[in-house]
Amino acid sequence: MKTCGVAKAVLSMVAYLPQYVLIYKNKTTKGWSMGGVWADCIGATIACFQVVLDYFNENKGLGFWAELNYGKFCLNFLCMLCCLVFFFQHYVLYRENNKKIAENPDYIYEIARHFNKKDFE
């Protein structure tokens, strides 16, 4: 059962890859809901703390790693890591592009010449 939980966590992380690539190609996070990313990150953080609290609450004398709910912990930990990548892209890497697009919406066409203009309409 632990293997299935970890496999689900890895597959969930792989689901984020196309969005990372799209943001990289566009050089902007314009159109991506950072509110949703914040909600995912907060939820994943709380769930990871819950796993730790469950261990201390139900301590049966075994070690932490022996009693760990690997599926839940891995899924939420990897979700937090994926959120950190989105935060880095939005608040650090493409911060200036996002500001320029907010000021001038046509700027997105200048930084994403590999797409047709109609793809953004």
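Modeller: A term first: a nonpolar core is a set of buried Ala, Val, Leu, Ile, Met, Phe, Trp, Tyr and Cys residues joined through side-chain atoms within 4.5 Å. Buried means under 20% relative accessible area, exposed over 50%, and partly exposed in between (1.4 Å probe, protein chains only). The model is predicted: local features need pLDDT of at least 70, side-chain atom pairs count only at pLDDT 80 or more, and totals for chains, interfaces and linings use all residues. Residues are numbered from 1 along each chain as its sequence is written, and side-chain values use heavy atoms, with hydrogens and water left out.

Colleague: How many helices and strands are there in the protein?

Modeller: Helices (H or I, at least four residues) and strands (E, at least two) are DSSP runs, numbered from the N terminus. From the N terminus on, the elements run α-α-α-α-α-α. The count is 6 helices and 0 strands.

Colleague: Which residues have the most contacts inside the largest nonpolar core?

Modeller: A contact means heavy atoms within 4.5 Å. The core has 18 residues. H1, H2 and H4 each give two or more residues to this core, and H4 gives the most, with 7 residues. Those with the most contacts inside the core are Tyr16, Val37, Cys83, Phe86 and Phe87.

Colleague: Which residues does Val37 touch, leaving out those up to four places away in sequence?

Modeller: Val37 is one of the residues with the most contacts inside the core. Its partners are Trp32, Cys83, Phe86 and Phe87.

Colleague: What covers the buried residues of H4?

Modeller: H4 runs over residues 70-93 and reaches 32 Å from its first C-alpha to its last, close to the expected 34 Å. That expected span is 1.5 Å times one less than the number of residues. Its buried residues include Phe73, Cys83, Phe86 and Phe87. Their cover includes helix H1 (2-26), helix H2 (34-57) and helix H5 (95-103).

Colleague: How are the rings of Trp38 and Phe87 paired?

Modeller: Rings of Phe, Tyr and Trp (its six-membered ring) pair if their centres lie within 6.5 Å; planes under 30 degrees apart count as stacked, over 60 as edge-to-face and the rest as tilted. The structure holds 8 aromatic pairs. In this one, the centres are 4.4 Å apart and the planes are at 35 degrees. The pair is tilted.

Colleague: How many residues apart are Trp38 and Phe87?

Modeller: Trp38 is partly exposed at 40% relative accessible area, whereas Phe87 is buried at 12%. This aromatic pair links distant parts of the chain, Trp38 in helix H2 and Phe87 in helix H4. They are 49 residues apart.

Colleague: Is Thr28 buried or exposed?

Modeller: Thr28 sits in the loop between H1 and H2. Its side chain reaches the backbone nitrogen of Lys30 at 3.0 Å. Its relative accessible area is 3%, so Thr28 is buried.

Colleague: Which buried residues does H1 have?

Modeller: H1 has 25 residues, and its end C-alpha atoms are 38 Å apart, which agrees with a span of 36 Å at 1.5 Å a residue. After H1 comes Lys27, with a positive phi near 60 degrees. H1's buried residues are Gly5, Ala9, Tyr16, Gln19, Tyr20, Ile23 and Asn26.

Colleague: Which residues form one aromatic cluster with Tyr16?

Modeller: Tyr16 is among the buried residues of H1. The other members of its cluster are Tyr20, Trp32 and Phe86.

Notes
A polar contact is a pair of N or O atoms within 3.5 Å; within protein, one must be able to donate a hydrogen and the other to accept it, and residues adjacent in sequence count only if both atoms are side-chain atoms.
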